Amino acid sequence: MSPIVDSVKQALGRGADITGKVDGLERAAAAARDRLDPAVVDDVQLVVGRAGQRLRLSADHTVVALAGATGSGKSSLFNALVGLDLAAIGVRRPTTSWALSCTWGSDGSGELLDWLGIPRRHQVSRDSMLDTSDSDSDLHGLVLLDLPDHDSTEVSHHVEVDRLVSRADVLVWVLDPQKYADAALHDRYLKPLAAHAGIMLVVLNHVDEVPKGQLDGLLADVHRVLTADGLGSVPVLTTSARTGEGIDELQRVLVKRVRAKRSMTARLVADVETAAARLGELTGDARPGDASRSAKESLVDACADAAGVPVVVEAVHKATAVRARRATGWPVTAWLSRFRPDPLKRLHLDLGASGKQLTGLSRASLPEATQVQRARVDQTVRHVVDDAASGLPKPWATAVRSASVSRLEDVNDALDKAVVATDLGVARTPIWWRLAQALQWVLLAAALTGGLWLLALLGFVYLRLPEPPTPEWQGFSVPTLLLLGGIAAGALFAGLSRLLAGWSARRRAAAADRRLREGITEVVEQLVLEPIQVELDAYRACRDGVAAARR
Ligand SMILES: Nc1nc2c(ncn2[C@@H]2O[C@H](COP(=O)(O)OP(=O)(O)O)[C@@H](O)[C@H]2O)c(=O)[nH]1
Ligand SMILES: [Mg+2]
């Protein structure tokens, strides 16, 4: 959890509601960073930061800002509420470029005023005044601000107004009957704050100057203009700072707000919800699925093809068959087959475990992927992306798309490495090969023994010597049996071994295929699917964060 949210949680007792919302908005902003319009994300993060700061400051104080155009009567109303002529009226001296504050019950308000940026010399404490009246205790906790004119030509005034409008808990818009429809006020401040109706008041000042009989029509028009801003629910009061009319009512309304102590959270909730709505507009409420199993499989297939897996598997098949035959065949033909090339050696893949450690990172002599194979990989990636990004709003779909190709350049190399690093399982010599080989040698020895024996007998006949007695078995002479039996059994067994060798080769090829695909799946997951997954997770985090902020 972030430090901001932590401190927000510490400030609890101020409604777990708002902390959950700020938390959600913060998560959403973090997930949207580098994915959505940076200007929007910056704004949202500002709101998160501001909310966290305000929540850490005094919850016992309600900051009420008097805002409005030059001459609308902000300073006059400020003085009327304070009961003293603190604010300079009707003047535009440099001092008015700073807001003036008056605090009722200043205990613990220092940090809040610092955060609001009110210079010490512009801070007044109502407690320190001699003439504290009864109504003062009602306003305990009020921090009243007299803002600079929002329509001032001085840039520093605007900056000050904007900062305080964004930080105050209650906004009182002081309007002049002559200028209440001023477009600058409505476009710059009121319309963008439509979600803040709950923390706003409109005060129509200078009513002493409105001819009797025209007031109702005027109020109706003010209401019409506010409704057009989306602020139809904002209460409109009428005052005259000159005659004192309506000041009591204004004070009563402020007392109510200060006592309820709800304005601060209401302000933050409105801020958070407005910011969340902006993110929500860009994010929507899609439910993207993860890359499907079938999509993964087709991606692994395409990559396996491009990496030459079928070529390697075929080589494993052939090499195993050749080696098995060489080991288990009739020794004479087996010896001759040594002169045939080994397919794995040709691909430089028969390196054994230690050889691989030395050269594992060098490229195998596999054929380069063809254009068609590469195109198929690209197309499959696009397919996976389309699948994953379907239903996502544009900026998020774009993020998924660029994530999917962010590491595509590394894929070829990684696939080569995966193939070279895979143990193809061809180094081991199966026991049955050795047994068969031993048996073949025994049979060959028997045949040779029989043959030599017969030759010796032939020598006796040739030299007309008496033939030595030759043992017989079942009426056949043993040397003949040895010679013919040895050859026949050797040939028969070699045939049988050939069948077994074929089976052995198929098994090893299948095992090599499986292991190679495991390696390739890893590459695909790491370089293609994971980056996509990160974007989808960010999307969900943003969507859920926005939902939590708007709940
Ligand atoms: N007739 C009339 N004049 C007012 C009223 N409120 C303020 N004024 C005058 O309007 C001028 C500007 O007032 P000020 O309080 O300085 O307005 P600010 O610029 O909004 O602070 C001053 O001359 C005030 O005396 C009002 O309710 N009725
Ligand atoms: Mg003023």
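A residue is taken as buried when its relative accessible area is under 20%. By this criterion C102, with 0% relative accessibility, is buried in the predicted model. C542 is likewise assigned a relative accessibility of 0% and therefore counts as buried. A search of the whole structure returned zero disulfides.

The buried face of helix 8 was examined next. Within this helix, which spans residues 183–190, the buried positions are L185, H186, Y189 and L190. These residues lie on the same side of helix 8, because they cover an arc of only 110° around the axis. Their packing partners are two helices, helix 7 (155–167) and helix 9 (215–229), together with strand 5 (170–175) and strand 6 (200–204). L185 is also one of the residues that line the largest cavity.

Two cavities of 30 Å³ or more were found in a search of the whole structure. The largest cavity encloses about 50 Å³ of space. Besides L185, its lining includes G68, A69, S72 and H150, as well as V174, L175, D176, K179 and D182. By class, this lining comprises four nonpolar, three polar and three charged residues.

The second largest cavity holds about 30 Å³ of space. It is lined by R50, A51, R54, W115, S166, R167, A168, R267, L268 and D271. Helix 3, helix 7 and helix 11 are the elements that each supply two or more residues to this lining. Five charged residues, four nonpolar residues and one polar residue make up the lining of the second largest cavity.

Among the open spaces, the second largest pocket has a volume of about 530 Å³. Of its 18 lining residues, V47, R50, S166, P192 and L193 are the closest to the centre of the pocket. Two or more lining residues come from each of helix 3 (38–56), helix 7, helix 8 and helix 11 (263–283). The lining of this pocket contains eight nonpolar, seven charged and three polar residues. R50 and S166, named above for the pocket, also appear in the lining of the second largest cavity.

Attention then turned to individual loop positions. S240 is located in the loop that connects strand 7 (236–238) with helix 10 (247–260). Its relative accessibility is 0%, so S240 counts as buried. When neighbours within four places in sequence are set aside, the contacts of S240 are with N205, H206, V207, D208, E245 and I247. One of these contacts, H206, belongs to the loop between strand 6 and helix 9. H206 is not a glycine, yet its phi is positive, at about 65°. With a relative accessibility of 19%, H206 counts as buried, because the cut-off for that class is under 20%.

A positive phi was also found for Q474, a residue other than glycine, with a value near 60°. Q474 occupies the loop between strand 8 (472–473) and strand 9 (476–477). At 64% relative accessibility Q474 counts as exposed, since that class begins over 50%. The two positions thus fall into separate accessibility classes, H206 being buried and Q474 exposed.

Conventions. Residues numbered from 1 in each chain as written. Chains lettered and ligands numbered in written order. Predicted model: local features only at pLDDT ≥ 70, side-chain atom pairs only at ≥ 80, totals over all residues. Heavy atoms only, no water. Buried < 20%, exposed > 50% of the residue type's maximum accessible area, 1.4 Å probe, protein only. Helix = DSSP H or I, 4+ residues; strand = E, 2+ residues; numbered from the N terminus. Arc of directions from axis to C-beta. Contact = heavy atoms within 4.5 Å. 1 Å grid on protein atoms, 1.4 Å probe; cavity = no way out; pocket = protein on both sides within 12 Å on 5 of 7 lines; lining within 4 Å. Points joined across faces, edges and corners; volume = space filled by probe spheres on them. Nonpolar A, V, L, I, M, F, W, Y, C, P; charged D, E, K, R; others polar. Disulfide = S-S within 2.5 Å.
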